[in-house]
Amino acid sequence: MIHFVLLIVCAVAIYLSCEWFVNAVEWLGERLNVGKMAVGTILAAFGTALPESVVTLVAVTTGGTEEAKNIGVGAAMGGPLALATVAYGITGAALLVKRRRDRAAARATGAAPVPASVALGTEKDMRRLAKDQKWFLPIFFVKVSLGLVAFAFKPTLGVLFFAAYAVYFWREIRASRADEAAGDEDDDEEELEALKIQPKKASPDTWAVVAQTLATLVVIFFAAHYFVAQLDVIGPMLGLSATVTALLLSPIATELPEIMNAIIWVRQGKVKLALANVSGSMMIQATVPSGIGLLFTKWHFDGPLLWSGLVTMAAIVYLLLTMRAHRLTPARLAVAAGFYAVFAVGLVPLLA
């Protein structure tokens, strides 16, 4: 029972910490003069994905056996899978709930409700989101392909993944600043809320913004770490093998901060920030942990890892096609979670 209680406590701690984190990171973006979209794709994504990258680094560098190092490889593959399926799916479900509430409120006031079938954002918004998927897909394809071959200089290719993220980072910051300078950033989303630790100040001190950002990241890191630890204990108690727990439950747990961020931003009406946070986190997960894994492990995939890569790419192709056709609705976004169910079903014969 104590493990279930700790699981709930950790989940609550992650959610509350994410509430404070998204509040601080928006102010941090304002202080650093980056556009609103870059707050989601770069600052928030980097902050919540950094602890997971550290976990991967520790696993592959301090693991005493090859099996221990492969835990890091599994984390590098499980993260993108959970983001492309579960994170997007839960974000879609949260948007469905919000639209239902908005329609109820609109009917109560006599206003015209937004139909559930209306696409998310403008055509330009969809092009921005599709751009992240177009960056992710070829990088991830190379990442999976390298797990199927072996050659002498393969570890050195890990540096290219770091370089790919550096290029993405620079282009995203530059594009977001250019959009804001040209007045293309959206002004229809809510203004910044007061900083949690300085609620009476209209413009908080920079030190307070940095302190709240760093403090919440520390809490998120340790809460997520203990959340995963409780799952590792609860899984076998429920009759699940360690492998199933590692491949099915742990990736969702490690991406819980990104999922919480998205839910919070959807609740606040900042849909573009929510979607940008997930897509930006996917770019980090496709590059940084992969580069670390290539440098310090054999980076060789077995059946379950290959299957996770194929399902991830299938989910991204589905999302990319929907975004490019400007037909991404909350319901179609929620469908992405179905790919995780496909992964779970296909995993059964592979582990048999």
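These are my notebook entries on the helices, a surface patch and some salt bridges in this predicted model.

**Entry 1. Overall make-up**

I started with the secondary structure. I counted 12 helices and zero strands in the protein chain. Reading from the N terminus, I get α-α-α-α-α-α-α-α-α-α-α-α. I then looked up burial. Of the 352 residues in the protein chain, 50% are buried.

**Entry 2. α1 against α6**

Next I took helix pairs. I began with α1 (2-32) and α6 (206-237). Their axes lie 7 Å apart, and the packing angle is about 155°. Angles over 145 degrees count as roughly antiparallel. I therefore logged α1 and α6 as roughly antiparallel to each other. I also noted the handedness: α1 crosses α6 in a left-handed sense.

**Entry 3. The nonpolar patch**

I stayed with α1 and α6 and turned to the surface. Both helices feed a nonpolar patch there, each with at least two residues. I listed the members as Met-1, Ile-2, Phe-4, Val-5, Leu-6, Val-9, Val-233, Met-237 and Leu-238. Together they have about 840 Å² of accessible area. Which helix gives the largest share? It is α1, with five residues.

I picked out Phe-4 for a closer look. It sits in helix α1. Its relative accessible area is 32%, so I noted Phe-4 as partly exposed. Patch residues need over 30% relative accessible area, and Phe-4 has 32%.

**Entry 4. α4 against α9**

I moved to a second pair. Helix α4 covers residues 123-146, and helix α9 covers residues 271-296. Their axes come within 10 Å and cross at roughly 20°. That makes α4 roughly parallel to α9, since the cut-off is under 35 degrees. The crossing of these two helices is left-handed.

**Entry 5. Salt bridges**

I searched the whole structure for salt bridges and found six. I wrote up some of them.

Glu-26 and Lys-270 came up in my list. Their closest N and O atoms are 2.8 Å apart. Why does this pair tie together parts far along the sequence? Glu-26 lies in helix α1 and Lys-270 in the loop between α8 (256-267) and α9, so the linked parts are 244 residues apart in sequence. Are the two partners buried or exposed? Glu-26 is buried, at 10% relative accessible area. Lys-270 is buried too, at 1%. Both values fall under the 20% limit, so I logged both partners as buried.

I then checked Glu-172 with Lys-131. Their side chains form a salt bridge at 3.3 Å, N to O. This pair also links distant parts of the chain, 41 residues apart. Glu-172 is in helix α5 (residues 158-181), and Lys-131 is in helix α4. Lys-131 thus belongs to the helix I had paired with α9 in Entry 4. I compared burial across the bridge. Glu-172 is buried at 7% relative accessibility, whereas Lys-131 is partly exposed at 28%.

I ended with Lys-201 and Asp-205. Their side chains meet at 3.0 Å, N to O, in a salt bridge. Lys-201 has a relative accessible area of 37% and is partly exposed. Asp-205 is partly exposed as well, at 26%.

**Entry 6. Reminder to self**

I added one general remark under the salt bridges. Side chains of opposite charge can pair when their charged atoms come close.

Definitions and conventions
Residues numbered from 1 in each chain as written. Predicted model: local features only at pLDDT ≥ 70, side-chain atom pairs only at ≥ 80, totals over all residues. Heavy atoms only, no water. Patch = residues over 30% accessible without salt bridge, like charges linked within 9 Å, V, L, I, M, F, W, Y side chains within 5 Å. Areas by Shrake-Rupley, 256 points an atom, 1.4 Å probe, with all protein chains shown as cover. Salt bridge = Lys/Arg side-chain N within 4 Å of Asp/Glu carboxyl O. Buried < 20%, exposed > 50% of the residue type's maximum accessible area, 1.4 Å probe, protein only. Axes fitted to C-alpha atoms, helices over the stretch in contact; angles between N-to-C directions. Parallel < 35°, antiparallel > 145°, perpendicular 65-115°, else oblique. Left-handed = near helix turned anticlockwise from the far one by under 90°.
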